[in-house]
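Hello,

Here is the structure I said I would pass on. My notes on charge pairs and overall dimensions follow below it.

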Amino acid sequence: MKISLSWLRDYLRTDKPASEIARILTDAGLEVGAIESNGVAIPKVVAAQILESVQHPNADRLSVCKVDDGSGTPRQIVCGAKNYKIGDKVPLAQPGAVMPGDFKIKVGKLRGVESEGMMCSSKELGLGEGADGLLILSPDTTIGTPLSELFPAEEVFEIEITPNRPDWLGHLGVAREAAAFNCGELIASSPALPSTKKDASVAAIAAPEAASFYSIRRIDGVKVGPSPEWLRKRLESVGLRSINNIVDVTNFVMFETAQPLHAFDATKIEGALTVRFTNEGEAFTALDGKKHKLSSNDPVIADARGAQAVAGITGGTASGVSETTTSVLLESAVFTPTVIRRSSRALGISTDSSYRFERGVDAQGALAASARAAALIVEIAGGTPASELIVAGSLPALRTVPLRGDRVRSLLGITIDDAAIAALLAKLGIKQVVGGFEIPSWRNDLTREVDLIEEVARLYGINSIVATCSGIPAPSSEADKAYDFARGLRRRLSGSGFHEARSGTLTGSRDQASYATGGIVTVRNPMGEEHSTLRASLIPGLLEAVSRNLRHGVEAIRLFEIGKVYRQEQPEESTRLGLVITGRTALENWRGEPERSVDLFDLKGVIARLGNPLDPITFRPATHASLPLALEILMGGKPAGILGVLSPAATREVMVGGNQGQIVVAELDLAAIQASSGTGFSKDPKSFGAIPKFPAVRRDLALLLDAATPYSLIEQTALGAKEELLSSITPFDIFSDPEGVKVLLGKKSLAVALTFQLADRTLTTEEVNEAVARIVTRLRETAGAEIRG
Amino acid sequence: METQIEQLRVEALSAIAEASDAVALKEARVRYLGKTGSVSLLSEGMRTLSKEERPVMGKLLNELRAAVTAALDEKEGALTAAADAAALASIDTSLPGTAPEAGSLHPLTLLVDRAVQIFRRLGFAIADGPDIETEWHCFDALNTPADHPARNEQDTFYLPDGRLLRTHTSSIQIRTMLANPPPIRIIAPGAAYRRDEVDATHLAQFTQMEGLYVAPGVSLADLKGTIEFFFRELFGPGTEIRFRPHFFPFTEPSYEIDLRAEALGGKWMELAGCGMVDPAVFEEVNKQRGDSAYDPEKVSGFAFGFGLDRLAMNLTGVSDIRMLTENDLRFLSRFTA
């Protein structure tokens with residue numbers, strides 16, 4: 001909403017500059033976003049005539065001028081411009097002038113020659129870019145005239161008006177507020193109100209849901225023509241286009257009082273103007289020339305022939321004011337906000353009028369606005385208004401809202417007595433009466449006690465409130481525990497070289513199907529196919545990040561993301577941990593250690609470490625549509641996620657540009673990891689067992705196995721037989737020979753380290769030997785293992 | 001004999017002194033102190049001495065042995081130290097270190113976490129709620145009129161079943177009050193969605209932090225103090241905070257919060273909305289709960305909410321908000337945890 005400062009000053013007597021008024025309005029809740037300024041508002045800049053100009057003795061590019069600024073004594077000015085000739089009139093900033101950018105003009109020497117001011121370009125005056133060089137004024141300009149008279153400053157505020165304050169949608173309302181906040185004095189004017197009469201043959205309300213009040217004033221003998229200069233300037237200053245004097249007056253009064261008005265050509269109206277809902281499908285041509293098909297939800301102003309206006313939204317071409325109009329019917333009404341909003345939206349027509357009716361107009365103000373517009377029409381277009389205003393419906397009585405001083409004090413946390421509260425509210429025209437406070441008609445937003453408390457808070461000023469910072473601490477919640485767990489996990493992963501990713505949850509459906517099971521949640525009104533579903537897996541987002549980073553030439557990628565995924569089944573939303581690795585295992589360095597690309601086991605190891613040592617994570621082979629090599633991740637024996645290697649085809653799709661290697665991905669349910677993790681301490685401290693005091697004995701075995709025999713069989717066979725002395729088994733070398741020389745074809749060599757240890761004594765060589773022998777026997781029988789060398 | 005002993009001492013000590021490496025020193029040790037070494041051979045000669053001479057020569061011989069041993073040990077120590085020093089001196093310590101690659105935490109994570117830790121100092125607990133919300137939780141319960149523009153399909157994402165993607169984390173206020181009686185003191189970091197065209201300053205999904213405190217006697221002064229404490233902790237004690245009266249359907253009085261801090265580039269920045277919980281919100285919660293736990297005559301509360309994405313942009317110096325979701329490692333790796 002544009003508020004012109006000079007227009008505002010018609011209703012507000014103030015000597016404050018624009019910046020101060022803007023600050024006061026902002027503190028009151030009218031956020032002034034920008035102050036546009038056209039024209040010159042700088043004192044001590046005047047029109048001056050160049051009398052002579054000579055070359056500067058010490059500078060090629062400068063000249064020394066004598067100018068007449070009307071003060072009687074010519075001034076000497078050093079100037080760099082070249083676009084003038086002797087006798088030209090130009091703007092002169094005299095010493096003391098403060099130019100835009102807080103640049104003060106002083107008497108001073110330029111390259112050794114005294115200069116008593118500055119001749120200005122249009123840019124230097126803030127009049128826009130303009131031509132290069134000095135602004136050459138018209139030859140008939142009187143020397144000495146302040147530039148602020150030649151280019152009157154037109155400062156315009158761009159204000160964000162909150163939807164609860166439609167009274168601020170006119171200059172008068174803003175002036176009222178400014179005055180209440182000590183920005184100046186309100187210049188009140190109350191036009192003489194005409195007498196009113198009900199006459200259903202002129203104005204009627206057939207749809208009381210759509211309008212509570214409707215009025216028509218007939219003005220005969222008007223002469224439609226262009227508006228006077230002052231009116232055009234006012235409208236242009238707030239971004240409106242001048243149309244003709246009648247329409248301009250209705251717009252002017254709307255931007256003055258916030259009450260929209262409409263003028264019909266009286267000769268084009270047959271019978272009574274009636275507020276009613278339309279008949280379904282009724283055709284209507286709006287003032288902008290567009291044809292609309294109305295629905296039965298659209299309120300119209302209809303005469304005997306049909307709709308002449310969509311109530312509160314737009315007039316129609318058939319009955320609009322034109323050059324031939326001599327009699328007008330001036331409408332001033334109170335339409336129902338919700339009805340106007342619904343209709344405006346359905347028709348796709350939003351106007352200055354509908355904007356105001358949607359938010360609610362000052363009910364009492366409809367009469368004053370009508371009288372004000374009639375007077376202005378008579379003033380600039382002539383004519384004679386009817387002595388009576390024909391009305392339908394009624395204006396509501398003023399409301400009284402109760403207010404308890406204690407409530408004000410406790411809710412705001414301030415000390416203030418009841419009289420001071422009443423004095424503050426009085427500034428807004430809110431009068432203390434029996435039973436509470438009487439609300440002015442333009443404040444539809446004040447209906448409850450709390451609404452008045454807000455007004456007290458605004459006027460008292462939050463800056464005057466002494467801040468306190470107390471409260472009852474809340475016990476930590478399940479969400480706190482989940483947050484802390486995720487926080488710890490994030491830190492562990494970043495500590496082990498993973499970078500945290502965050503991807504959007506709205507994504508394309510195509511990517512989702514590959515990595516998620518169950519129904520995908522779709523959005524009914526997406527911003528395009530690429531954002532049409534809620535992600536069901538974190539993997540596609542991570543793969544997109546991999547692809548992007550590979551394109552940037554990154555050689556080792558380790559990413560994780562903790563975030564929500566969505567699906568149609570319960571739980572509809574769950575938090576997952578997604579991981580992806582690809583490229584080299586480590587950064588290149590000067591040691592020259594052999595390079596290796598990551599594989600499944602690099603990520604398997606990371607995941608295994610996420611678990612609780614007392615309840616280790618286990619893995620089992622799984623089939624997955626998009627991961628030809630896949631393992632199901634089990635925590636506490638229950639499925640908690642998937643780990644796998646992308647298919648070569650999918651890998652190629654991610655690795656545009658011929659990169660090498662595998663892409664390994666994993667996705668786990670965060671709640672499952674959290675559930676198996678505990679607090680780091682065991683509920684049963686004894687379950688950790690004693691820290692072993694006696695030395696361990698290591699024995700290595702080299703086994704020859706069928707190539708297909710899984711390591712897990714060896715591990716289970718060794719550990720599963722209740723071999724009391726054996727505490728762990730670790731594989732440390734696996735070898736097969738495609739030539740069949742070192743190891744027979746179809747066989748593989750597996751070296752394992754067996755660790756033997758007892759908590760209560762040192763082991764003897766004999767008993768370890770016996771245990772190894774038993775294990776070897778079992779491995780031979782169960783896994784077909786032979787002992788090598 | 002005495003002369004022999006003295007000659008041997010001079011010879012041995014000079015040989016030891018001349019030994020230039022561990023091998024030469026070992027040779028010297030064998031030559032003088034070995035079973036067939038010079039000192040041992042001299043000791044053999046003791047047998048030929050008289051009873052009176054024997055103790056005297058024995059003492060001299062012992063002194064010789066001790067002196068040679070000491071010289072050998074000292075030289076050995078010196079040689080070892082020299083070798084150790086040489087080994088260290090050959091290391092080019094100017095080579096870069098070779099730690100495994102460092103990971104990083106997303107700047108939004110770091111920001112959320114700083115905010116969470118500050119609010120925890122003030123005794124706030126975390127609350128959460130679903131991104132997929134009902135219109136009731138997101139709008140009706142928050143006193144938003146049925147025909148409010150925020151509800152329309154141009155601004156809000158809807159699911160086919162009529163539910164929506166929450167447009168603010170304020171719906172978590174409602175869920176928390178429905179599930180718990182007062183007092184409530186929560187913060188809720190989370191995602192929210194608006195149908196904005198994605199560009200350098202807008203995302204359709206953004207990160208918010210919501211706060212709510214409801215208890216008997218909570219006042220606007222408490223809100224002011226809490227907000228000021230929080231932002232001064234976050235951006236430093238010199239942070240300027242400005243409250244501008246504003247309008248939100250779910251709070252009254254309502255304010256927008258502007259900040260100016262060095263950490264944010266020293267410019268005023270519109271950052272947050274806050275206010276005292278509107279009694280209409282309490283009434284709606286009571287209606288849904290079927291009790292009067294949130295009787296506006298008995299409890300009052302404040303609420304606040306702010307977006308974290310633009311803050312993260314300011315703190316990380318990126319000019320394009322999309323950087324926060326593109327997972328570019330050149331950007332992410334700056335935030336080593």
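In this predicted model, Arg242(B) and Asp258(B) form a salt bridge through their side chains, with N and O 3.0 Å apart. Arg242(B) sits in strand β6 (residues 240-248) of chain B and Asp258(B) in strand β7 (residues 251-260), so the bridge ties together parts 16 residues apart in sequence. The two partners do not share a burial class: Asp258(B) has a relative accessibility of 3% and therefore counts as buried, while Arg242(B), at 29%, is partly exposed.

A second salt bridge joins Glu256(B) to Arg244(B), where the closest N and O atoms are also separated by 3.0 Å. Here Glu256(B) belongs to strand β7 and Arg244(B) to strand β6, so this pair ties together parts 12 residues apart in sequence. Both Glu256(B) and Arg244(B) are buried.

Chain A offers a pair within one helix. Arg232(A) and Glu229(A) meet in a salt bridge at 3.2 Å, N to O. Both residues lie in helix α5 (residues 229-237), 3 residues apart, which is about one turn of the helix. Are they buried or exposed? Neither: Arg232(A) has 29% relative accessibility and so counts as partly exposed, and Glu229(A), at 46%, is also partly exposed.

Elsewhere in chain A, salt bridges link a set of residues into a network: Arg165(A), Asp167(A), Glu177(A), Arg443(A), Asp445(A), Glu455(A) and Arg458(A). Over all chains, the structure holds 76 salt bridges.

One acidic residue is worth a look for the lack of such a partner. Asp362(A) is in the loop between α8 (352-359) and α9 (365-381) of chain A. Asp362(A) is buried but has no salt bridge. Side chains of opposite charge can pair when their charged atoms come close. For Asp362(A), the nearest side chain of opposite charge is that of Arg176(A), 4.8 Å away, and a salt bridge requires a nitrogen within 4 Å of a carboxyl oxygen, so this pair does not count. What does Asp362(A) touch, leaving aside its neighbours within four places in sequence? The contacts are Gln259(A), Ser441(A) and Trp442(A).

Now the chains as wholes, beginning with chain A. Chain A has 20 helices and 43 strands. Its C-alpha atoms fill a box of roughly 125 × 85 × 60 Å along the principal axes. The radius of gyration of chain A is 42 Å, whereas a compact globule of 789 residues would have one near 28 Å. Buried residues account for 49% of the chain. Of the contacts in chain A between residues at least 6 apart in sequence, 68% join residues at least 24 apart. The accessible surface is about 37000 Å², with 53% belonging to carbon and sulfur atoms. Chain A carries 86 positive and 94 negative charges, and their mean positions are 2 Å apart.

Chain B has 12 helices and 9 strands, and its C-alpha box is roughly 125 × 45 × 40 Å. For 337 residues, a compact globule would have a radius of gyration near 20 Å, but chain B has 41 Å. Buried residues make up 52% of chain B. Contacts between residues at least 6 apart in sequence join residues at least 24 apart in 67% of cases. About 14900 Å² is exposed, 53% of it supplied by carbon and sulfur atoms. The mean positions of the 34 positive and 49 negative charges of chain B lie 6 Å apart.

Regards

Note on methods
Residues are numbered from 1 along each chain as its sequence is written. Chains are lettered from A and ligands numbered from 1 in the order in which they are written. This is a predicted model: local features need pLDDT of at least 70, side-chain atom pairs count only at pLDDT 80 or more; totals for chains, interfaces and linings use all residues. Side-chain values use heavy atoms; hydrogens and water are left out. Helices (H or I, at least four residues) and strands (E, at least two) are DSSP runs, numbered from the N terminus. The radius of gyration is taken over C-alpha atoms; the globule rule is 2.2 Å times the number of residues to the power 0.38. Buried means under 20% relative accessible area, exposed over 50%, partly exposed in between (1.4 Å probe, protein chains only). Contact means heavy atoms within 4.5 Å. Accessible areas come from the Shrake-Rupley method with a 1.4 Å probe; for residues, only the protein chains shown count as cover. Lys and Arg count as positive and Asp and Glu as negative; His and the chain ends are not counted. The place of a charge is taken as NZ of Lys, CZ of Arg, CG of Asp or CD of Glu.
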